[in-house]
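Dear colleague,

Please find below the structure that I am handing over to you, followed by an account of what was found in it. I should be grateful if you would read the two side by side.

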Amino acid sequence: MASCIFCEIVANRQPASFVYRDELCAAFMDIQPVTRGHLLVIPNRHAAFLVELDPRVGGHLFAVAQRLAQALRESEVRCEGINLFLADGTVAGQEVFHVHLHVIPRHRGDGFGLRFPPDYGRRPPRHELDAVAESIRAAL
Ligand code: AMP
Ligand code: ZN
């Protein structure tokens with residue numbers, strides 16, 4: 001997968017500032033950090049989307065992100081909170097098509113945030129939630 005920048009990083013053909021590596025995953029500094037200390041955790045084996053990712057590897061990415069979150073809190077990086085973020089698909093904001101979990105240290109006034117749709121705040125009636133739950137359950 002020569003055209004994938006994250007595969008190139010795993011293969012040591014492109015530079016990265018690694019903080020962690022093992023047989024399943026790697027974690028390194030985001031080249032364009034949202035905040036200082038912003039990390040990415042990626043599987044070593046290419047998977048463009050979540051559907052292609054072995055769930056055991058997915059679980060491992062999360063476990064490593066938990067460790068990194070703790071390390072960030074104990075480091076000199078300003079870290080009063082953490083966001084874990086994963087964009088799966090273009091519409092979700094994915095720009096690099098090799099699965100990656102963002103670990104973003106947060107501090108008061110850092111300027112980062114989520115934007116919600118205009119009708120956010122409305123609480124759908126229970127029967128509506130139940131109907132959506134049923135359709136998702138049916139797909140499991
Ligand atoms: P996403 O929008 O979730 O696909 O995020 C892609 C992330 O990868 C962005 O935060 C980029 O700054 C980051 N990124 C892209 N290329 C590199 C690279 N060569 N090294 C480190 N981070 C990168
Ligand atoms: Zn890749």
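**Overall architecture**

The secondary structure of the chain comprises three helices and five strands. Please note that the model is a predicted one. Read from the N terminus, the order of the elements is α-β-β-β-α-β-β-α. Along the principal axes, the C-alpha atoms occupy a box of roughly 50 × 40 × 25 Å. Of the 140 residues in the chain, 34% are buried.

**The largest pocket**

The largest pocket holds about 630 Å³ of space. Its lining consists of 25 residues, and those closest to the centre are Asp 30, Leu 40, Glu 95, Val 96 and His 102. By class, the lining divides into 16 nonpolar, seven polar and two charged residues. Three elements supply at least two lining residues each, namely helix 1 (5-10), strand 2 (25-29) and strand 5 (101-106). Helix 1 makes the greatest contribution, with three residues.

**A nonpolar surface patch**

Phe 49, Val 51 and Phe 97 together form a nonpolar patch on the surface, with an area of about 280 Å². Phe 49 belongs to the loop that runs between strand 3 (39-43) and helix 2 (55-74). The relative accessible area of Phe 49 is 31%, so this residue is classed as partly exposed, since that class lies between the limits of 20% and 50%.

**Salt bridges**

The count of salt bridges comes to seven, and three of the pairs are described here.

In one of them, the side chains of Glu 8 and Arg 13 meet with an N to O distance of 3.1 Å. The two partners differ in exposure: Glu 8 is buried, because its relative accessible area of 12% is under 20%, whereas Arg 13, at 55% relative accessibility, counts as exposed.

A further salt bridge joins Arg 36 to Glu 76, with the closest N and O atoms 3.0 Å apart. This pair links distant parts of the chain, 40 residues apart: Arg 36 is in the loop between strand 2 and strand 3, and Glu 76 is in the loop between helix 2 and strand 4 (81-85). Both Arg 36 and Glu 76 are exposed.

The side chains of Arg 106 and Asp 110 also meet in a salt bridge, at 2.6 Å from N to O. Asp 110 is buried, as its relative accessible area is 16%.

**The loop between helix 1 and strand 1**

Two residues of this loop deserve a mention. Asn 12 lies in the loop between helix 1 and strand 1 and has a positive phi of about 65 degrees, although it is not a glycine. Most residues other than glycine have a negative phi. Asn 12 counts as exposed, with a relative accessibility of 55%.

Gln 14 is also found in the loop between helix 1 and strand 1 (18-21). With a relative accessible area of 36%, Gln 14 is partly exposed. Gln 14 and Met 29 are separated by 15 residues in sequence, and their C-alpha atoms are 13 Å apart in space.

With kind regards

Conventions. Residues numbered from 1 in each chain as written. Chains lettered and ligands numbered in written order. Predicted model: local features only at pLDDT ≥ 70, side-chain atom pairs only at ≥ 80, totals over all residues. Heavy atoms only, no water. 1 Å grid on protein atoms, 1.4 Å probe; cavity = no way out; pocket = protein on both sides within 12 Å on 5 of 7 lines; lining within 4 Å. Points joined across faces, edges and corners; volume = space filled by probe spheres on them. Helix = DSSP H or I, 4+ residues; strand = E, 2+ residues; numbered from the N terminus. Nonpolar A, V, L, I, M, F, W, Y, C, P; charged D, E, K, R; others polar. Patch = residues over 30% accessible without salt bridge, like charges linked within 9 Å, V, L, I, M, F, W, Y side chains within 5 Å. Areas by Shrake-Rupley, 256 points an atom, 1.4 Å probe, with all protein chains shown as cover. Salt bridge = Lys/Arg side-chain N within 4 Å of Asp/Glu carboxyl O. Buried < 20%, exposed > 50% of the residue type's maximum accessible area, 1.4 Å probe, protein only.
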